[in-house]
Amino acid sequence: MNMNDYKAYVSAETMMGPNSVRILAELLDKYPLQFAPGDRILDLGCGTGLTSFIIAKETGAKVFANDLWISAEENRKRFAEWGIGGQVTPICEDANNLHFEKKQFHALISVDSYHYFAGSKGFFQQKILPFMKDNGVVLIGIPGLKNEYTGRAKELLSNWLGDDAYMFKSPKFWKGLIGGGDRIELVKTWEMDCFSKAWDDWLKTNNKFALGDRQYFETIIKPYTCFVGIYIKIKKAL
């Protein structure tokens, strides 16, 4: 994936945190996806649809762009302006109560959102896995704690995140939280390489939330946090 192809679409208006395009690029470069035009991908927690746009362009697949905070109508308008209205379907649903057909998606991608709703044991098996096709792939990139600080989110991050500090977990913790099951072949987690550049892109904007993050970057965000990459491979049908 060539980052330069999408520079014109990355702005204070389309970003909702550290540059999601860099996070997505690392996921797709590490685990390239190849699909047919009729294949379906769920972009879970798509925000303003920036990641959905890139997924559609990079894979050629049909993308379902779901977000709880941004309305489907707002994203539909944006997708039409970007020329992908026929390829991307905007949806506005809670990740805990999705209404899709079972085994519908060849892949699920979630950038900077999965930690908001998936922090409980069994969530993946109960809320996500039923919608995944056999031999499917899940790619997730989210903020988290470095492994050496496992279990200390409240202590280290509360001044920055307040009551939301509990959402930040280490790569090792996320691997155990996702767990296994009869349909799960493999779960891999790692500390992503794009941390500095993704944060730098975000902190350069005049977004009011970025302005708030600036005061904590050197003292809290940089020393204790990372981006957690998660790869899950669903087993082939028997």
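**Close-ups of strand β7 and its surroundings**

**View 1. V137 stands opposite K233 in β7.** This is a predicted model, so treat each view as a look at computed coordinates. The residue pair belongs to a bigger pairing: β5 (residues 132–145) and β7 run antiparallel, joined by 9 bridges.

**View 2. On to another partner of β7, strand β6 (residues 184–191).** Here 7 bridges do the joining, and these two strands also run antiparallel. Look for T189, which sits opposite I230 of β7.

**View 3. How many residues of β7 (225–234) are buried?** The count is 10 out of 10. Both faces of the strand are covered. One side carries T225, F227, G229, Y231 and K233, while C226, V228, I230, I232 and I234 are on the other.

**View 4. F227 and the residues it touches.** Leaving aside residues up to four places away in sequence, F227 has contacts that include P18, I23, I142, P143, W190 and W199. F227 is also one of the residues touching the most other members of the largest nonpolar core, which has 52 residues; L33, I109, L139, L157 and W199 are in that group too. Apart from that core lies another one, with 31 residues, among them L98, I142, V187 and I234.

**View 5. Now for the outside: a nonpolar surface patch.** M16, L68, W69 and Y116 make up this patch of about 460 Å². You'll find L68 in the loop between β2 (62–66) and α3 (72–81). Why does L68 count as partly exposed? Because its relative accessible area is 47%, and partly exposed covers the range between 20% and 50%.

Definitions and conventions: Residues numbered from 1 in each chain as written. Predicted model: local features only at pLDDT ≥ 70, side-chain atom pairs only at ≥ 80, totals over all residues. Heavy atoms only, no water. Patch = residues over 30% accessible without salt bridge, like charges linked within 9 Å, V, L, I, M, F, W, Y side chains within 5 Å. Areas by Shrake-Rupley, 256 points an atom, 1.4 Å probe, with all protein chains shown as cover. Salt bridge = Lys/Arg side-chain N within 4 Å of Asp/Glu carboxyl O. Helix = DSSP H or I, 4+ residues; strand = E, 2+ residues; numbered from the N terminus. Buried < 20%, exposed > 50% of the residue type's maximum accessible area, 1.4 Å probe, protein only. Core = buried A, V, L, I, M, F, W, Y, C linked by side-chain atoms within 4.5 Å. Contact = heavy atoms within 4.5 Å. Pairing = 2+ DSSP bridges.
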